[in-house]
Amino acid sequence: MAKPQPFAGIPNRVNDHPDFNKLSGNEIRLLLWFAYQYKGKNNGKLCAVWSQVKHRGFKSQTTLSNAIKGLRQKGFIELSKGNALTQNGRTPNYYAITWEMVNDIPGFQMDLKPTRTALRTFIDVVDKHKP
């Protein structure tokens, strides 16, 4: 029996949500990149830097920045740790996909606290009642 292959998964409830239809092509491409990175225990430590995505169809850093901004504004990703200047240079921004819980990642300090539930369910009647 063949070993199961990893996959970039986006739940049907996210794909079926009206907000998904409002995403641009670049926003969908970037959302797939975040889903590709998510391995089940690393939500909050997902990043998209130019060196990672320039070979994945992004034409400029401005295009990447606009896609990140759009995904944040539309509620598909949340900034979990802002960039910082260290002795080794600048660190990237890190993000969490909102349809999964934010993980507690040993040795990785985030500005966003780990959660027991998803930041967004993509079920409107449920999301409206979240604090």
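Begin by selecting helix α2 and displaying its buried residues, which are E27, L30, L31, W33, F34, A35 and Q37. The coordinates on screen belong to a predicted model, with a mean pLDDT of 91 for the protein and 94% of its residues at 70 or more.

**Helix α2**

With the helix still selected, take the distance between its terminal C-alpha atoms. The 13 residues of α2 reach 19 Å from the first C-alpha to the last, close to the 18 Å expected at 1.5 Å a residue. Next, display the partners of its buried residues: these residues pack against α3, α4, β1 and β4.

Select E27, which is found in this helix. Is E27 buried or exposed? Its relative accessibility is 6%, so E27 counts as buried. Leaving aside neighbours within four places in sequence, the residues in contact with E27 are K22, N66, A67, G70, L71 and K74.

Move along to F34. Not counting residues up to four places away in sequence, F34 touches L46, C47, A48, L71, I77, Y95 and I97.

**The nonpolar cores**

Now widen the selection to the largest nonpolar core, a set of 24 residues in which L30, L31, F34, L71, F76, I77 and W99 have the most contacts. Colour by element to see where these residues come from: α2 (25-37), α4 (61-73) and β4 (94-97) each give two or more residues to this core. Which element gives the most? The answer is α2, with five residues. Apart from this core lies another, of eight residues, including C47, Y94, V102 and I105.

**Helix α4**

Select α4 next. This helix has 13 residues and reaches 18 Å from its first C-alpha to its last, close to the 18 Å expected at 1.5 Å a residue. Its buried residues are T63, L64, A67, I68, G70 and L71. Turn the view to look down the axis of α4: the buried residues fall within an arc of 165°, so they line one face of the helix. Rotate to the other side of α4 to find T62, K69 and Q73, which are exposed.

Return to the buried residues of α4 and show what surrounds them. They pack against α2, α3 (50-53), β1 (77-81) and β4. Then step just past the end of the helix to G75, which takes a positive phi of about 80°.

**Aromatic pairs**

Show the aromatic side chains throughout the model. How many aromatic pairs does a search of the whole structure find? The search finds five. Select F76 and F122: their ring centres are 5.1 Å apart and their planes stand at 40°, so the pair is tilted. F76 lies in the loop between α4 and β1, and F122 in the loop between β4 and α5 (124-127), so the pair ties together parts that are 46 residues apart in sequence. Both F76 and F122 are buried.

For another geometry, select Y94 and F108. This aromatic pair is edge-to-face, at 4.9 Å centre to centre with 80° between the planes. Because Y94 lies in strand β4 and F108 in the loop between β4 and α5, the pair ties together parts that are 14 residues apart in sequence. Both Y94 and F108 are buried.

**The cluster around F76**

Go back to F76 and add F20 and F122 to the selection; F20, F76 and F122 form one aromatic cluster.

Centre on F122 and read its backbone angles. Phi of F122 is near 65°, a positive value in a residue other than glycine. F122 has a relative accessibility of 4%, so the residue counts as buried.

Centre next on F20, placed in the loop between α1 (12-15) and α2. F20 is buried, with a relative accessible area of 13%. Leaving aside neighbours within four places in sequence, F20 is in contact with V14, N15, I28, L31 and F76. Take the backbone distance to the last of these: the C-alpha atoms of F20 and F76 are separated by 8.7 Å, although the residues are 56 apart along the chain.

**Confidence**

Finally, colour the model by pLDDT. Among the elements of the protein, strand β2 (residues 85-86) has the lowest mean pLDDT, at 64, and β4 the highest, at 98.

Key. Residues numbered from 1 in each chain as written. Heavy atoms only, no water. Core = buried A, V, L, I, M, F, W, Y, C linked by side-chain atoms within 4.5 Å. Buried < 20%, exposed > 50% of the residue type's maximum accessible area, 1.4 Å probe, protein only. Helix = DSSP H or I, 4+ residues; strand = E, 2+ residues; numbered from the N terminus. Contact = heavy atoms within 4.5 Å. Expected span 1.5 Å × (residues − 1). Arc of directions from axis to C-beta. pLDDT = per-residue confidence, 0-100. Phe/Tyr/Trp six-rings, centres within 6.5 Å; stacked < 30°, edge-to-face > 60°.
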